[in-house]
Amino acid sequence: MTFIWTTIGALLTLSIYSFLYKDNPFYKFAEHLVVGVSAGYYLVIYYFNFIHPNVFSPVFLLRLGDEPISFFGFHWWMALIPGVLGILLYTRFFPKVAWVGRYALAVYVGGYAGLGISPVMQARVIEQLRANALSVAGVEDPFATMTNVGLGVVIFAVVAYLLIVKRNLGARNWLGKVAVIVVSAVVGYAGYLVLTLISNAGVVSLTNILLVVGLLGTLTYFFFSMKHTGALGGLARVGIVFLMVGFGASFGYTVMSRISLLIGRVSFLLHDWLHLID
Amino acid sequence: MTMKLTAHLTLAVLFLAAPCAFAQDAAPDTTALPLDTVPPGSVSGLTAVDYVDNSDEGDRIEISWQASPDDGAGEGDVVSYQLWRSENAGADWDSLGVAGAGQTRYLDETATPGTEYHYGVAAYDGTSYSERVSAGPVVGRANLFQMTRLAVLVLMLVFFGMVLTFTKLAERGADLFVRRIPGLNAIEEAVGRATEMGRPVLYVPGIGEIDNIMTIASLTILSHVAKITARYETPLIVPTARAVVMSAAEEVVKEAYAEEGKPDSYNPDNIRYLSDAQFAFAGAVNGIMLREKPAANLYLGAFWAESLLLAETGFEAGAIQVAGTAMVSQLPFFVTACDFTLMGEELYAASAYLSREPKLLGGLKGSDWMKVLSIALMALGVILYYVNQESGFVAWFFTQ
Amino acid sequence: MRREIPLAITFLIGIFMLVDFFVPHHAVSTSAEEMKQWGTIVIAASILLGVGNLIRVHFHKIRRRREGWGYSIVTLAIMAVMFAFGGPWGTVEEGSAFNWMFLNMQVPLQSTMFSLLAFFIASAAYRAFRLRSAEASLLLIAAIIVMLGRVPLGQYLTRSWPQAIQLPTLTEAIMAYPNMAAFRGILMGAALGVMAMGLRIILGIERSYLGGEK
Amino acid sequence: MSWAEKVLSIDRRWIFLAIGIAVTIPFFLPLGLPVVVTPPVQSLYDAVEELEPNSAPLLLSIDYAPATLPELEPMSMAILRHCFRNDVNVVVMTLHPAGYGLAERALLAAAEEHDQVYGEDYAFLGFQPGTSAVILGMGINIRNVFPADAYGVPLDEIPIMQGVRNYDDIPLVISLAGWSAAEAWVYYAYQPYRQRVGAGVTAVMATDFYPYLNAGQLEGLLGGMRGAAEYEELIETPDQGARGMDSQSVIHLLIIVLILVGNIAYFVSRKKKASTAGAAS
């Protein structure tokens, strides 16, 4: 029995993979099958896990004289409200009363809109600001000592390139460009070291400065009230640089996760189905 | 949180230690060990305050203190702290509980709301108690405001104030500049090309539920897109993964067709619920792309892993693709596989921008200035940190 | 009226839920708790709407014998079977027919569909990662460093280099700094967008989701 | 058509074939490259390692659906093995409607391996809908949300649940999720109740969670199969996670080679175009 079911699973798996070659009847079959199966699945799960225990049981069992079943610790009749709201969704099939269905939607959307605002403010704005500021203050930085020197030189070289070389030197002046970059990297880094020595908060972590510059740049990129020209345009460009590095990095980071899924399926075919490996 | 656990453990330790103490008492003069007759140093800085939790019934009082000098230092022999409670201004002490050594906080969860209490704490070293320090009176109440969230409230109100001010300004006809969002025109171009080719437009509003703000932003954009397709009589296919979103999309599209005076061109079979299951949905949308051959694919809303499945299949099918989402993890895929991508806030901005309704622009301007304020706050925090680490603002900003 | 009352409801409930975050009083928090449950139940009740639409679309296809109508029969038939097994004979219990169908049809189909991404991510990378411009090269370089740094191979290749420039260290640093800064920016911007939109919904300025202007 | 142009316009099905072959080979010829443990995994491991045996339970929320099984199941197995090996009590629940069977399957498998007894060493609460409401509700009283375990036994009759009222009695929550559930734990358990929360998520989601980790809102983080492999390394029980990492190395290398070849071809073809254009003018 298990083998039959596993074989069905394996054949369906192969049908989906046939899509990689081209659209074909096997894929069409599998696609329509999965839509049907999941529709049936959600119908059953939603009914038995949500509606039945939370609406029907509290409402009807109590009326039959059974022991009262609480609705998340509330009076049973509270269960009627969502039940009625749920039914209201279906008024849309009767044009005359279709507008009543909006009540259900209004309760739902309004409630969640209100619910979402404050935690978003706290977790996504305030806490993130605080974390960023904390990093800048150098409170915690595991990479500070390891990558500081290398990164410092790179940062100052890039800044020198953007501010001096790109604007003022002609296309063919290679030697001048390199000299300016090297000199400003060294001078910039030296200046940074001096700053670190005179600051009373200890080492100012350069990697953490990256966090500030990056956040500033990205937020500027999403600033819609002014044209991106001049200094603002420069900051927005910095934002784009960070966004691109971020996108590349998370793309690369994701590859692993996607391969994991494929490994899971190959392991199913080779191990669970064909028993070729252990 | 670990408080109670530690209290239990301490009790267990005391329980186990009791027989040993007893044995020692039974043979007082045969051992060379002198009995510890020096009581430990008492605690200091005792405070008792009404504890505010998320469902506050006024039955919790938080007691905190600074450790006895003999706890972990000095003689180092403190094993626990004994707590007492009194309803009678420091007389009639009732034993309340025990906190382990090293603990400096205890949560009394048995207070009667509205009753005045005094609390007493003494360190215990296994044989004797330190002097009892007391604090009070304190009254437990079901509070009406969570003080720790004051900052959230203030910033939120500031933000709302900005949004509403700009909305009012817009309504009065003030000229609010909002720069063009790159990629926004792409939506109209894509629909235009589909019309030229005589092929349908596919609009995927994501797989978020209707409570997801991205889905709502997407429905606003859908209304705009539907008006264009209605004008050109280009079929518009809207596959959805949530039943409520489907019914909302039906309303939006039907409405748009009616507004353009083409109610008969609206085809209810094109607004489809496919599946709540994420990949069943993705598989079915892929099928639509290959078989009904839309010339423009618009993915706007909340997307998860299906983003690249859709975008790669759409690319292979040769459609113009415009995406927009605030799902950070999916942006890299849309950016690499689509022709244009509205990133993060641009999705919300787009819905305001497209409608050209002045009222909606207020939100956009408010968000913009909130960003400036956020950066200023962060800068202030950092600068003050370097100037004076002890200042009140720094303490507030960096803790909690 | 038809519009005002829903908008008033949206406003009241929205404000109540908003206030709940700041008011710890148990009367408020328990009622808010209750209302959150309503939402889940309304959503659960909506499933029939979706399934109804699915049946209608496929039924039309079959009746008009449109291309691929045979597959529509598959969808409707398997849905009926799944539903029939799920109702009377239990749902998720080990060994029920419903559970077997779930584990051996829905699970492999969904996870295989998901795993197609392994192939697509490779083809997307091959196509998109070209050194066309300065920005594209940043995308590419970051992707390659992180891809190598994530796997044991990357660690192996750079094992004798100084710790600071070993690939896994670089990967962590890229993820922790430039990536984090960029994503924090998107996150904060999007959060403000969400809040502004939420406010507009509560105030009834944004109402396209309700449909029907009249 | 030059070779470079051919390479650039290659049918993507060749790439698919290469990926398919590359993923299969290590199943038969393992490379056995060592896995390096990263700080977020180490800190989650430490948080679990610190739990007291046979005392307040770890709450493991197995919130994944079948689609993310290959990445997240190795994590559940590794964490459950770690707990059971240390005799730490575990309470398992799920917030995903499709997670019930998967959670039960992992829990029973790990419990059987370590001869653990239901009710005394572990318990299974089952599924409740309404993610955020469930998490918030448990902060007030777990019994409001889960009056009984998955098998209908009232919580007070389960030995390890006695005295467990809300988050005050749970030293650590770990959520393993391929969707926003892990985030919901941060929002609704850490934010309001300061409950310590750890998370295991798919590799792609891990990026989103770095800010939370960085802001101290998460105790530790397992990212994808690699996170599972690292955890397996820490508990010295290599399994699915470790095996998968070899295939990962091969495919990552393959994709990088593909990108490099694509770029070389791109430059060659551009140069050619430039030079022919120059000749014509």
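Helices (H or I, at least four residues) and strands (E, at least two) are DSSP runs, numbered from the N terminus. By this definition chain C has eight helices and zero strands, in the order α-α-α-α-α-α-α-α from the N terminus on.

The structure is a predicted model, in which local features need pLDDT of at least 70, side-chain atom pairs count only at pLDDT 80 or more, and totals for chains, interfaces and linings use all residues. Residues are numbered from 1 along each chain as its sequence is written, while chains are lettered from A and ligands numbered from 1 in the order in which they are written.

**Chain C**

The radius of gyration (taken over C-alpha atoms) of chain C is 26 Å, well over the 17 Å that the globule rule (2.2 Å times the number of residues to the power 0.38) gives for 214 residues, so chain C is more spread out than a compact globule. Its C-alpha trace spans about 70 × 55 × 40 Å along the principal axes. Of the 214 residues in chain C, 62% are buried, a label for a residue with 20 or more other C-beta atoms within 10 Å of its own, C-beta atoms being placed from the backbone. Two residues are in contact if their C-beta atoms, placed from the backbone, lie within 7 Å. Among the contacts in chain C with a separation of 6 or more, 25% join residues 24 or more positions apart.

**Contacts between chains**

Chain C gives 100 residues to its contact with chain A, and chain A gives 101 residues. Several elements of chain C give two or more residues to this side, including helix 1 (4-20), helix 2 (26-63) and helix 8 (178-203). Helix 4 of chain C gives the most, with 20 residues.

In the contact between chain A and chain D, 29 residues come from chain A and 35 residues from chain D. On the chain A side, helix 2 (25-63), helix 4 (101-136) and helix 8 (230-273) each give two or more residues. The largest share, 14 residues, belongs to helix 8 of chain A.

The table sorts the residues by class: Ala, Val, Leu, Ile, Met, Phe, Trp, Tyr, Cys and Pro count as nonpolar, Asp, Glu, Lys and Arg as charged, and the others, Gly among them, as polar.

| Side | Nonpolar | Polar | Charged |
|---|---|---|---|
| Chain C, touching chain A | 71 residues | 24 residues | five residues |
| Chain A, touching chain D | 19 residues | nine residues | one residue |

Conventions
A residue is buried if 20 or more other C-beta atoms lie within 10 Å of its own, exposed if 12 or fewer, and partly exposed in between; C-beta atoms are placed from the backbone.
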